[in-house]
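Please open the model in a viewer and keep the selection panel at hand. The tour proceeds by selections, each followed by a description of what is found there.

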Amino acid sequence: MKKILNFFMHIFNVDCSKVISNEKIDYEKVKTASNIITELQNDMKSYTDKGSGPFVAAIYNDKNELVVKVANSVVNEHCSNNHAEMNAIKAAESKLGTFDLAPYNLKLYVTAEPCMMCIGGIMWSGIKEVYYGVPSKSVEKITGFDEGFKPNWFEEFKKRGITVYGNIATDIGEEELRKYVNEGKNIYTPSR
């Protein structure tokens, strides 16, 4: 198995050793996701310099054409629901004029694992595939943000026909989160 993994890592120039999925891993999907998520991570500073939170999401159609790309806007828009995933879903629904994205076979790419709220939003939106970078445990460790309770969400999404791939391009994502924190930017966590 390790030989096969190393072969695909060499062929696709992508580190697949950390990647997890709720289907048999498709290395073409991982390669595409790695390119998109790396681009989103590289775009993050331009968003955070304008007051956005440290997460970016994009939705692509089944021809790998960009539909929307947005950042987290919790702090600058004073709304705790404005996570990158939720903003991307809202923007795609507005652009396509629908509340049901399922007929469009859309894929969501995001710089970090969706939190509890975003998992619900994704499930109800009709998104067909989800690809994320930094896992929740790393987000929590680096930023202190509470990702919420998400039991068996990979399996629950699979039951609903939603494919999930995670832990893609994690190194660059973790580095971007550390930069955000080290620059003293606002980490939004509710008082308890």
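How do the residues that line the second largest cavity divide into nonpolar, polar and charged? They divide into two nonpolar, one polar and five charged. Here Ala, Val, Leu, Ile, Met, Phe, Trp, Tyr, Cys and Pro count as nonpolar, Asp, Glu, Lys and Arg as charged, and the others, Gly among them, as polar.

A note on conventions comes before the selections. This is a predicted model, in which local features need pLDDT of at least 70 and side-chain atom pairs count only at pLDDT 80 or more, while totals for chains, interfaces and linings use all residues. Residues are numbered from 1 along each chain as its sequence is written, and side-chain values use heavy atoms, with hydrogens and water left out.

**Stop 1: the second largest cavity**

Select Met44, Lys45, Thr48, Glu176, Lys179, Tyr180, Glu183 and Lys185, which line the second largest cavity. Two elements, H2 and H8, each give two or more residues to this lining. Helices (H or I, at least four residues) and strands (E, at least two) are DSSP runs, numbered from the N terminus. The volume of this cavity is about 70 Å³. On a 1 Å grid over the protein atoms alone, a cavity is a set of points where a 1.4 Å probe fits but cannot get out; a pocket is an open set with protein on both sides within 12 Å along at least five of seven lines; and lining residues have an atom within 4 Å of a point. Grid points are joined across faces, edges and corners, and a volume is the space filled by probe spheres set on the points.

Add Asp49 to the selection: Lys45, Asp49, Glu183 and Lys185 are linked in a network of salt bridges. A salt bridge is a side-chain nitrogen of Lys or Arg within 4 Å of a carboxyl oxygen of Asp or Glu. The whole structure has 14 salt bridges.

**Stop 2: the second largest pocket**

Next, select Asp15, Ile168, Ala169, Thr170 and Asp171. Of the 12 residues that line the second largest pocket, these are the closest to its centre. The pocket holds about 170 Å³ of space. Helix H8 (170-182) gives the largest share of the lining, three residues.

Keep Asp171 and add Lys18: their side chains meet in a salt bridge (3.1 Å, N to O). Lys18 lies in the loop between helix H1 (2-12) and strand S1 (20-21) and Asp171 in helix H8, so the pair ties together parts that are 153 residues apart in sequence. Asp171 is exposed at 52% relative accessibility, whereas Lys18 is partly exposed at 38%. Buried means under 20% relative accessible area, exposed over 50%, and partly exposed in between (1.4 Å probe, protein chains only).

Further along H8, select Glu174 and Arg178, whose closest N and O atoms are 3.8 Å apart in a salt bridge. The two are four residues apart in the helix, separated by about one helical turn. Glu174 is buried at 16% relative accessibility, and Arg178 is partly exposed at 41%.

**Stop 3: the largest cavity and Glu85**

Select Phe55, His83, Glu85, Glu113 and Glu147, which lie nearest the centre of the largest cavity, among 15 lining residues. This cavity has a volume of about 100 Å³, and its lining has 10 nonpolar, two polar and three charged residues.

Now isolate Glu85, in helix H4 (residues 84-96). Which side chain of opposite charge is nearest to Glu85? It is Lys150, 8.1 Å away; Glu85 is buried yet has no salt bridge. In this count Lys and Arg are positive and Asp and Glu negative, while His and the chain ends are not counted. Among the residues that Glu85 touches (heavy atoms within 4.5 Å), not counting residues up to four places away in sequence, are Ala57, Leu108, Glu113 and Cys118.

**Stop 4: the largest pocket**

Keep His83 and add Phe145, Asp146, Pro190 and Arg192. The largest pocket holds about 300 Å³ of space, and these five are the closest to its centre of the 15 residues that line it.

**Stop 5: two positive phi values**

Finally, select His78, in the loop between helix H3 (74-77) and H4. His78 has a positive phi of about 55 degrees although it is not a glycine, and its relative accessible area of 72% makes it exposed. Then move to Asn152, in the loop between helix H6 (136-143) and helix H7 (153-159). Phi of Asn152 is also positive, near 50 degrees, and Asn152 is exposed at 52%.
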